[in-house]
Amino acid sequence: MSPRRVSLLLIVVNFPFRFSSTAKYGILTFLPRFLYEQIRRAANAFFLFIALMQQIPDVSPTGRYTTLVPLIFILTVAGIKEIIEDYKRHKADNTVNKKKTTAVLCSKSAAVLSYSEPQAMCYTETSNLDGETNLKIRQGLPLTASFQSLEELMVLSGRLECEGPNRHLYDFTGTLRLENHNPAPLGPDQVLLRGAQLRNTQWVVGIVVYTGHDSKLMQNSTKAPLKRSNVERVTNMQILVLFGILLVMALVSSIGAAIWNQQHTDEACWYLSRDISLNFWYNLLTFIILYNNLIPISLLVTLEVVRFTQALFINWDTEMYYAETDTPAMARTSNLNEELGQVKYLFSDKTGTLTCNIILLFLSEKETKLSSRLPHQVPKLSLCLGFVFTARTPHSVIIEAVTSQILCMLCFNVCLFCSNRKRMSVIVRTPTGKLRLYCKGADNMIFERLNETSQYKDLTVAHLEQFATEGLRTLCFAYVDLEEGAYQEWLKEYNRISTVLKDRAQKLEECYELIEKNLLLLGATAIEDRLQAGVPETIATLMKANIKIWVLTGDKQETAINIGVMCGYKFSPFLAPQATRATLTAHCSSLGDSLRKENELALIIDGQTLKYALSFEVRQAFLDLALSCKAVICCRVSPLQKSEIVDMVKKHVKAITLAIGDGANDVGMIQTAHVGVGISGNEGMQATNSSDYSIAQFSYLEKLLLVHGAWSYNRVTKCILYCFYKNVVLYIIEVCTLIIFTALPPFTLGIVDRPCSQQNMLRFPQLYRITQNAEGFNTKVFWGHCINALIHSIILFWFPLKVLEHGNYRKHSRTQTHVDHSSSSYVVVTVCLKAGMETTAWTRFSHLAVWGSMVLWMLFFAVYSAIWPTIPIAPDMLGQAGRVMQCWSFWLGLILVPTACLLKDVVWNATALIATHANIPIIKANNCFLSLSIDGYAFSQEEHGVVSQSQVVRSYDTTRQRPSL
């Protein structure tokens, strides 16, 4: 994009800090978007077509409204469900959007001019952008740092030039041109991005540079998609195939009717009432309408009720209720319930999703000679050692000793931290007048510089090993007392090198080496952003269920690796490729035949490298390499990169994906994945509001997938297959009236049936692979049920006809009516018993649906045939119950006909069950332990930032009052 220019003009406004919407519909967009989503379903589109065809005069043999009225009812039910679910989204959005703030801004969106903190510095938290919760320092230009009143700001005149809107979170290039001043460069450290939160800062003055969709947060966001489950997509395809079969049947029937009409003229068939059309195309439409019941319209409303009830089960699950924050699990949509049972790739954020977002401190110190595990915050470290930090000035630190004595330590020099050094030092003068250097850093860096006489090395090493085994990030502390002469000599060299222009950083590192030696060990610490309860166990269980887990985080590489160890990943070695084509090709070649097969490897890659890895030229090589690793950890990734990774796997692997996160930076991947899960954590509600399902703890994902997901998949697929089976049986032999008496079994199959108990689903996570691999619902299974239904319909038509030829029906003139009603009884019994065979968990609702439906039909048949014409419908039923039920062949047929239909099913199921048991492998859990010693370090200030670490130390004087705007 072209560069942007912003002229300066002071504006003071009250405005909502941000307006976000995660709802699917608005008042004006509801109807068109809802109808579009519904018509995408092949069944709805088909029945809309049938309803329109029925409006053509003299075409429909079944009336003009027999399809339109049920379709309107189905759409109304679906619309009410969508309104209820979207109302909850609007309600959650309003909670966030109604928070208001007062701000002082210069022009249009925000480069920093001045802050309340010393030297125009402020602290920001960027968890909504990159997931990191540690505070980062931003600083205004020295040129504008002194502008701290409205009067000074009003006289500003000039312009700001910067790059056009883009999605790169860590890049910014601009120039501030004020009148009567030299141009001043602007970089990332002078920019407050939308979504960042100010901390420990009273006020800020800035120039607005990006607004609305131009902001980097919005550039990294994606539009909320309309999601459909894989089961729904498969069903849509089968309905289209059925529609093709229906067209063929209608075409064949129309051709047959045309031939028959040619051969049988009105004169030859004078005894027939031939009030029919001889137009071929009218007859074709008539047959299409006549055969439309081949596709079950009742399936639509049945699925809506079933899915809505399943969502209520998730909401009501007390085992997924988090009492500490009073947060229940919530199904924000019910259309993806069965998708939870097919997840193969899980993409997870780290901070706040796997962890508690609370830093815990562990100590190993020479005073106690023991490992003290104290869950205190960092400011309390001094209290643990007997001191309390009270204040800081640019050149000193003031502390309070246990004896309440106030001590002042003068700060002279800061030996800066960098990733090569992995340590940082400060030279101070103690209250007793000693010149001392304190150093903190990675254990290997500190131990290499210890004096031979230093004590407690072995004890500290033991503690470090214990901490590292637990995945904690460790730091060692040491000190050395300096001689005045030696220090002055070093200071001269330091001052000389500080003014060198060429290779200054490298020469300073060499200078630091001269004084950081002969250290005495003080002790060690370890920090942990503690994992949520049950995270390692949950990950282990999900991996047993053949779910691949990728961690996508904005944190540093060291943190990502530590979390991988803490989560129980067992792998060796780590791979951290530079994603050039040659490097990726080399890694792929080294795997040989193991490429795209799971290996005991982990892929660690950062956001900078991902820019190249996700490019079109090398994307396939990167994906092949990633799929060959047991674990994939992407660190320092932007929100858009997260969604791009999810989208890559979603499109190229053809597996169901799930993304889970808790911050605004996770919204993109949550919306991109087939299923998005939000964690109700400490980073706001934006991820939760944008998700399909929300839970309070990562460990709840285990039950959400293995229990609710697997159950929902089994229930929905059984419901769909049974509805098609029932429809084919009923409509092939044209006994449509029985649909009422066979309506309950689909609901019980879809709501209360389950393959096995909750305890067994969690105990044997391998059972999840059955639903994950779509073994219960695919094209083969679908057409197997349809063909089986066709066989049953043939048996149910011909067997009763042959059986009843031997009864005493032939004494009566209405033999065909007797056959029809006998067949109806056989159909109800057969269809209900088939539902019983599909049921794996018998409850009182199952018994009521199966046996109750059969009893209800028999009672209706007996009563209605006796009370006609009190209800003047179906006069052919008058007296039929008595005639049918007194015939012995009817009762014999009631046993033989359903048995003949279902015998094949019983044999088939028994054979399949035996084959399944024979092929089930015996799975043994082997305990595998891997100890990784990882050197770590913790420092919140950014390396090579505009604000140097030394400047940070020097900038604060907490004894002085801050200016107010």
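Start by selecting Leu790, which sits in helix H27; helices here are DSSP runs of H or I with at least four residues, and strands are E runs of at least two, both numbered from the N terminus. The model is predicted, so local features need pLDDT of at least 70 and side-chain atom pairs pLDDT 80 or more, while totals for chains, interfaces and linings use all residues. Residues are numbered from 1 along each chain as its sequence is written, and side-chain values use heavy atoms, without hydrogens or water.

Leu790 counts as partly exposed because its relative accessibility is 39% (buried is under 20%, exposed over 50%, partly exposed in between, with a 1.4 Å probe and protein chains only).

Next, add Ile732, Ile794, Phe797, Trp798 and Phe799 to Leu790: together they form a nonpolar surface patch with about 560 Å² of accessible area. Patch residues have over 30% relative accessible area and no salt bridge (Lys or Arg side-chain nitrogen within 4 Å of an Asp or Glu carboxyl oxygen), and nonpolar side chains are joined within 5 Å. Helix H27 (residues 779-803) gives the most to this patch, five residues.

Now go to Thr333, in the loop between strand E12 (330-331) and strand E13 (343-348). Thr333 is buried, at 5% relative accessible area. A polar atom of its side chain lies 3.4 Å from the backbone nitrogen of Asn335. Leaving out residues up to four places away in sequence, Thr333 touches Glu85, Arg89, Asp692 and Tyr693 (heavy atoms within 4.5 Å).

Last, select helix H2 (residues 42-53), whose end C-alpha atoms are 17 Å apart, in agreement with the 16 Å expected for 12 residues at 1.5 Å a residue. Buried residues in H2 include Phe46, Phe47, Ile50 and Met53.

Conventions: Patches are made of residues with over 30% relative accessible area and no salt bridge: like charges are joined within 9 Å, nonpolar side chains (Val, Leu, Ile, Met, Phe, Trp, Tyr) within 5 Å. Accessible areas come from the Shrake-Rupley method with a 1.4 Å probe; for residues, only the protein chains shown count as cover. A polar contact is a pair of N or O atoms within 3.5 Å; within protein, one must be able to donate a hydrogen and the other to accept it, and residues adjacent in sequence count only if both atoms are side-chain atoms. The expected span of a helix is 1.5 Å times one less than its number of residues.
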